[in-house]
Amino acid sequence: MRLRSTLTASAVLAAAVLVLAGNAAVAAPARHEAEASPAVCTGTIDSNHAGFSGSGFCNADNAVGAAAQFTVSASTAGTATLGVRFANGTTTARPADVLVNGVRATGATFAGTGAWTTWVTLTLTVPVNSGGNTIRFSPTTAGGLPNIDYLDVEVTGGAVGGNGQPTDQNIQYYGRWNRSNASWYAMGWAGGYLDARFTGSSIGVRQRNAIDLYYSIDGAPLQWRRNVSGNVTLATGLPGGSHTVRIGYRERAGSYTGDPVFGGLVLAGGAQTAPVGRPTNFVEFIGDSITVGQPNANRPFTAYPWLVAEALGAGHSQVAQGGACLVSQDCYGMMDWFRRSSGSATYDDWNFSTYQATAVVINLGTNDIGHGVSTAQFQQGYVVMLERVRQAYPDAQIFAMGVFRNRYVPETRNAVAARTAAGDSRVHFVDTAGWIDPAVDTTDNVHPTDAGHAKIAQRLRPILDQYI
Ligand code: GCU
Ligand code: CA
C-alpha cells in the first residue's frame, strides 16, 4: 500500500516535471560509488565478488560502528529516495541505522541475498537539507554491514510540511532526548534544545507540568518563560513567510523538579513546519556543574559549552550534572553515566546512533577529590572514559580539559598520552592553566561567573576550531 502510493506520487511528480520541462528527460538519480571519495568505508574497498558497479565495493569491518558513508548534495531541502545496492552472502539479516548529517533518520535491514555475488537494491526515504548531506549506514550488530556497492539518491519532493508534533521529522533535536513517549519527548541532562521552521503568524509550545523554558524566534536573543505549563504562546503577530524557533529547558536536577518535556509546537490555523538546517558539526560536552553553567540564572546558554559551539556554528549538548565525578565512587561517575539518556535513567539506555558527535569535550575531576578517588584510580578511569567515548563516537575529535581547580591534571594528561600511544590520533589534552582567575572569574572559587564562562569560551574555541 505504502509502496503503491509512493510510486503514484512520484509518477505524478515525474509527469509534472515532464510537462514543465517539455521534452527534457527526467534526471536519473545521482549515483555515489562506495569506493569513490568523499565516500568513507570503515573497512576495505574490495573487488573480489563480481557484479559490482564502478571499481569496487565497501566491505566494512564486521563490527558495530564500522560504517559506509556517502556525501550527497540536494538542490532543495526535502525528501530523498535512497537506493542502496548491497550483497549479503550470509543467511542472517544485517540491521543498520541510517544517519543523515549525523542524526538517525531511519533503520535499514539488509537481508541475506543468497551469495556475495548477488547484488540487490534496498529503497529508503530520508529527509535531507539543501546543500551537502552525509548519509551514513551504521550497523547495530556485530555482524556489521553487508558489502555496499553504491548509493543512488533522488530528491523526490520539496519541503514537506509537518504538523509540529514531537515526531515531526522537520524538527531538529540536539542533545539527549528520550523519545519513548511520542507525545512528550523528554530532555535528559542539560543544554538540550530543538529548532524548527514554521509558517503562520503565531507560535506556541505544548508543555506538561511546570517548567522554565527559554526560546528564540528568528535568531533573536534567547529569553525565558519561567514556571509555565499547558499551551504556552511564544509569539503572535509575526509577518508572513516562514520563521524559526528554538526551544530549550532548564535542566531537571537537584531540588529543581520542573518537567523538561516537549509536547509539540502550537501552530496557527493552516500553518505547517518546514525543514530547518542542521550544522554538520555537533559538540558534546561532558562534565559537572561547571559544564551545566550552575548556578548562573541564564544557564545553559551563558555557559562555555553553549558559547563555544555557537561561535563555531555547531550543534551542542551539555551531558553534565552538578556534583558529577569521573569515577562512580559514591558519585555520578560520568565514565559510566554518559551512556545514559539522563541522570535519572536506571540503565545505559542511550543509543549513540541517535546522533554522532564530531567533537566531545570532557571536563571532569573537580569533584572526584571529595569522594576519595586516588590519582591512580583517576588516571585509569580516564583512560577507560576515553576508550568508551571513542567506541560511542568512532570519528569524533576528543578533548580532555585539565580542570580549572588544578586537580588530577597530570593524570588527565597521562590518560590522553596513553590513548595516543594506543593509536588514537584524535584525542587531545587541553591545558587550561591560567584561563580564569578564581578570585575574579568565579562566584565561589569554583563556579565561573557568566564573564568567566565567556573567558573560557574564548580560549577553547580556537582549539576546537583547529580540528572540526
Ligand atoms: C566474507 C566475504 C566478504 C564479506 C564478509 C562479511 O568474508 O568475502 O566480502 O564482507 O564475508 O561477512 O562481511
Ligand atoms: Ca564485511
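Student: In this predicted model, is T280 buried or exposed?
Tutor: The relative accessible area of T280 is 54%. A residue counts as exposed when that value is over 50%. Because 54% passes this cut-off, T280 is exposed.

Student: Where in the chain does T280 sit?
Tutor: T280 belongs to a loop. The flanking strands are β21 (273-274) and β22 (282-287). The place of T280 is therefore the loop between β21 and β22.

Student: How many Å lie between T280 and Y174 in space?
Tutor: Along the sequence, T280 and Y174 are 106 residues apart. The spatial figure is taken from C-alpha to C-alpha, and for T280 and Y174 it is 12 Å.

Student: Is Q318 buried or exposed?
Tutor: Q318 is in strand β23, residues 315-320. Its relative accessibility is 0%. Buried means under 20%, so Q318 counts as buried.

Student: Which backbone oxygen does the side chain of Q318 reach?
Tutor: Outside its neighbours within four places in sequence, Q318 is in contact with residues including W189, F285, T291, V292 and W306. One of these contacts, T291, supplies the backbone oxygen. The distance is 3.0 Å, and a polar contact has to fall within 3.5 Å. The oxygen that the side chain of Q318 reaches is that of T291.

Student: Which strands stand at the edges of the five-strand sheet?
Tutor: The open sheet has the order β2-β5-β10-β7-β8, with antiparallel pairing. An edge strand here has a single partner, so one of its sides is left without a neighbour in the sheet. The strands that fit this are β2 (40-41) and β8 (103-110).

Student: What is the bridge partner of A96 in β10?
Tutor: Strand β7 (residues 94-100) runs antiparallel to strand β10 (residues 131-139), and five bridges join the two. In β10, the residue bridged to A96 is P139.

Student: Which residue in β17 stands opposite G204?
Tutor: Strand β16 (residues 203-217) pairs with strand β17 (residues 223-235) over nine bridges, in the antiparallel sense. The two form a hairpin with five residues between them, and D218 in the turn has a positive phi of about 50°. Opposite G204, in β17, stands T233.

Student: How many aromatic pairs are there?
Tutor: Two rings pair if their centres lie within 6.5 Å. With that cut-off, the count of aromatic pairs is 27.

Student: What is the angle between the planes of Y173 and Y185?
Tutor: Y173 and Y185 form a tilted pair, 5.3 Å centre to centre. The pair links distant parts of the chain, with Y173 in strand β12 (residues 172-174) and Y185 in strand β14 (residues 185-187), 12 residues apart. Y173 counts as buried at 5% relative accessibility, and Y185 counts as buried at 7%. The angle between the planes of Y173 and Y185 is 50°.

Student: How many residues apart in sequence are the parts that the pair of F282 and Y355 ties together?
Tutor: F282 and Y355 form a tilted pair at 4.6 Å centre to centre, with 45° between the planes. F282 is buried at 4% relative accessibility, and Y355 is buried at 3%. F282 lies in strand β22 and Y355 in the loop between α4 (334-337) and β24 (359-363), so the parts tied together are apart in sequence by 73 residues.

Student: At what distance from the ring centre of W224 does R226 lie?
Tutor: W224 is part of one aromatic cluster, whose members include Y174, F282, W306 and Y355. R226 lies over the face of W224. The distance from R226 to the ring centre is 3.8 Å.

Student: Which residues coordinate the calcium ion (ligand 2)?
Tutor: The coordination distances run from 2.3 to 3.0 Å, and the donor residues are spaced N-A-x1-N in sequence. N59 is partly exposed at 23% relative accessibility, and N62 is partly exposed at 46%. The donor atoms are OD1, O and OD1, in that order, from N59, A60 and N62.

Student: Which residue takes a positive phi just after α3?
Tutor: Helix α3 spans residues 304-311, and its buried residues are Y304, P305, W306, V308 and A309. The phi in question is about 70°. Just after α3, it belongs to G313.

Note on methods: Residues numbered from 1 in each chain as written. Chains lettered and ligands numbered in written order. Predicted model: local features only at pLDDT ≥ 70, side-chain atom pairs only at ≥ 80, totals over all residues. Heavy atoms only, no water. Helix = DSSP H or I, 4+ residues; strand = E, 2+ residues; numbered from the N terminus. Buried < 20%, exposed > 50% of the residue type's maximum accessible area, 1.4 Å probe, protein only. Polar contact = N/O pair within 3.5 Å; in protein donor to acceptor, adjacent residues only side chain to side chain. Contact = heavy atoms within 4.5 Å. Pairing = 2+ DSSP bridges. Phe/Tyr/Trp six-rings, centres within 6.5 Å; stacked < 30°, edge-to-face > 60°. Lys NZ or Arg CZ within 6 Å of the ring centre and 35° of its normal. Donors = N, O, S within 2.8 Å, 3.2 Å for Na, K, Ca; no water.
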